[in-house]
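Reader: I am a first-year student, and I would like a close look at the aromatic rings in this structure. Please take me through them step by step.

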Amino acid sequence: MGRCAKPAIRLAVEADRNALTAMMLRSRAYRGEYLVMIERYPVSSEMITRGEVWLAEYNDSIGGFYRLDVAKADLDLMFVDDSSQGLGVGRLLFRHMLEFARLQGLNSVQIVAHPPAAWFYRKMGAVDCGIVSGKGPGLWDRPQLRIDCQ
């Protein structure tokens with residue numbers, strides 16, 4: 001992904017599903033102990049079909065993606081490819097997510113953050129509203145945040 005070019009945001013399609021799951025699994029942010037959180041949670045056909053997965057793309061390369069679970073008003077997934085970190089892809093995706101949420105009639109969005117990523121969501125305007133306790137072996141407490149989108 002080039003530094004000067006702004007990626008285009010588009011809805012994910014079924015053909016993107018494996019690439020998005022692979023991006024999650026190779027993410028530096030989820031290496032080691034954090035892998036247990038995502039290793040059995042692929043981007044599903046259902047997520048794609050419901051029109052909840054959006055991606056940032058430049059020259060046929062995916063720089064990142066998010067999934068907004070509209071029914072739960074929950075930012076379920078957000079990943080920026082390791083090679084696209086620091087290029088503004090996360091900000092672009094997050095702003096798009098807020099606009100998409102508005103268009104869906106949501107007043108706010110909940111974010112149960114990966115602990116090392118909570119700073120990003122706070123920087124984008126999300127506020128802490130609780131802690132979600134880890135359930136099961138190898139899981140940990142995660143910050144719960146909320147951002148208004150109206």
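Author: What follows is a walk through the aromatic pairs, with a short stop at a charged patch. Keep in mind that this is a predicted model.

Start with the count. The structure holds six aromatic pairs. Take Phe65 and Phe79. Their ring centres are 5.8 Å apart, and their planes meet at 15°. Planes under 30 degrees apart count as stacked, so this pair is stacked. Where do Phe65 and Phe79 lie? Phe65 is in strand S3, residues 61-69, and Phe79 is in strand S4, residues 74-80. The pair therefore ties together parts that are 14 residues apart in sequence. Both Phe65 and Phe79 are buried.

Now turn to Trp119 and Phe120. These two form an edge-to-face pair. Their centres are 6.1 Å apart, with 85° between the planes. Planes over 60 degrees apart count as edge-to-face. Is each residue buried or exposed? Trp119 has a relative accessible area of 53%, so Trp119 is exposed. Phe120 has 15% relative accessibility, so Phe120 counts as buried. The cut-offs are over 50% for exposed and under 20% for buried.

Trp119 and Phe120 also belong to one aromatic cluster, together with Phe94 and Tyr121.

Last, the charged patch. Lys6, Arg91, Arg95 and Lys123 gather on the surface in a patch of positive charge. Lys6 sits in the segment before strand S1 (8-11). Lys6 has a relative accessible area of 67%, so Lys6 is exposed.

Notes. Residues are numbered from 1 along each chain as its sequence is written. This is a predicted model: local features need pLDDT of at least 70, side-chain atom pairs count only at pLDDT 80 or more; totals for chains, interfaces and linings use all residues. Side-chain values use heavy atoms; hydrogens and water are left out. Patches are made of residues with over 30% relative accessible area and no salt bridge: like charges are joined within 9 Å, nonpolar side chains (Val, Leu, Ile, Met, Phe, Trp, Tyr) within 5 Å. Accessible areas come from the Shrake-Rupley method with a 1.4 Å probe; for residues, only the protein chains shown count as cover. A salt bridge is a side-chain nitrogen of Lys or Arg within 4 Å of a carboxyl oxygen of Asp or Glu. Lys and Arg count as positive and Asp and Glu as negative; His and the chain ends are not counted. The place of a charge is taken as NZ of Lys, CZ of Arg, CG of Asp or CD of Glu. Helices (H or I, at least four residues) and strands (E, at least two) are DSSP runs, numbered from the N terminus. Buried means under 20% relative accessible area, exposed over 50%, partly exposed in between (1.4 Å probe, protein chains only). Rings of Phe, Tyr and Trp (its six-membered ring) pair if their centres lie within 6.5 Å; planes under 30 degrees apart count as stacked, over 60 as edge-to-face and the rest as tilted.
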